[in-house]
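Hi everyone, thanks for coming. I'd like to walk you through one corner of a structure that may be new to you, so let's get it up on the screen.

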Amino acid sequence: MTVPLVFPRTDASIVADDGDSLTFCRTCAFSRACLSEGMDKRALMDLHVLVEHVGPLRAGEHVFREGDPFGAIAAVRAGTVKTYQIDRNGHEQVLGFHLPGEVIGLNAIHGDRYPCNAIALDTVMLCRFSFPKIALLATRLPNLQQHLFKLMSHDIGVASLFARDNTADERMAAFLIGLSRRLAARGFSPRRFQLTMARTDIANYLRQAPETVSRVLRRFEKDGLLHIKQRDVEILDLPRLEALGLTVLRD
């Protein structure tokens, strides 16, 4: 039985993973949509030529900054990317954390400029796609076009999750379960992973004070839901944690 990988993993096999002449890399954000059209990578050389591999980016390096001209979207191959804005008072507002297989930059389509900043939280590898060319290809591949729409719709839905009036426990449970599910979908362990973002970033994203986040995590550990060692998290009672986060996730 294969043991699931513990996130993050940025060793040479992940960084060098580009599939082969027929298959896409393991974390390709578009492979499912393309394969559903009956097109492997060799049949999709049009698309592959559009791909620019970027990285490794180190923690603190920006993928793009608010106001930069928009011309491409990027899919995370490895690592974690944080998106954020700076408000008029100079305060940072965390918009999201993007994991392998997820796409950043879709919210720039309307205004032709990136409306936020994107920064690497650890060692990050990206695939950058020319948006005008992938949009043209999507007109020929209905499933690819539908996939782009789904990605945009998903981003809108995620952005509204923590805008509701939920308790601190419910918010944290939903955040951890969301991470667990997203990582599991990419072949990582749903029960063991590392929080690649700082507690202050998590607090900002959940619209809570950093002390609240630390207090809730300690309570979860005391109640037997989690085991935490620095940034390493092990979910001990997945059903209970899911039940707690259900009011936020609404699944």
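Please find Gly224, which sits in the loop between H8 and E11. Before we go further, keep in mind that this is a predicted model.

So, is Gly224 buried, exposed or partly exposed? Gly224 is partly exposed, with a relative accessible area of 29%. Coming just after H8, Gly224 has a positive phi of about 80°. Which residues does Gly224 touch, once we set aside those up to four places away in sequence? The answer is Leu236 and Asp237. There is also Arg240, 16 residues from Gly224 along the chain, and the C-alpha atoms of these two are separated by 9.7 Å.

Now let's step back along the chain to the helix before that loop. H8 covers residues 210-222, which makes 13 residues. From first C-alpha to last, H8 reaches 19 Å, close to the 18 Å expected at 1.5 Å a residue. Its buried residues are Thr212, Val213, Val216, Leu217 and Phe220. Looking down the axis of H8, you'd see these buried residues fall within an arc of 130°, so they line one face of the helix. Turned away from that buried side is a face carrying the exposed residues Glu211, Arg218 and Lys222.

What covers the buried residues of H8? The cover includes H6, helix H7 (199-206), strand E11 (226-229) and helix H9 (238-249).

Let's take H6 from that list. H6 runs over residues 168-185, with 18 residues, and spans 26 Å from its first C-alpha to its last, close to the expected 26 Å. Its buried residues include Met172, Phe175, Leu176, Ile177 and Leu179, and Glu170 and Arg171 are buried as well. After H6 comes Gly187, which has a positive phi, near 90°.

Finally, let's go to the other side of our loop, to E11. This strand belongs to an open sheet of four strands, in the order E1-E10-E12-E11, with mixed pairing. E11 is an edge strand, as is strand E1 (5-7), and each pairs on one side only. From one strand to the next, the twist averages 30°. The partner of E11 is strand E12 (residues 232-235): the two pair in the antiparallel sense over four bridges. If you want a spot to zoom in on, try Lys229, which stands opposite Asp232 in E12.

That's my tour, and I'm happy to go back to any part of it.

Methods
Residues numbered from 1 in each chain as written. Predicted model: local features only at pLDDT ≥ 70, side-chain atom pairs only at ≥ 80, totals over all residues. Heavy atoms only, no water. Expected span 1.5 Å × (residues − 1). Buried < 20%, exposed > 50% of the residue type's maximum accessible area, 1.4 Å probe, protein only. Arc of directions from axis to C-beta. Contact = heavy atoms within 4.5 Å. Pairing = 2+ DSSP bridges. Axes fitted to C-alpha atoms, helices over the stretch in contact; angles between N-to-C directions.
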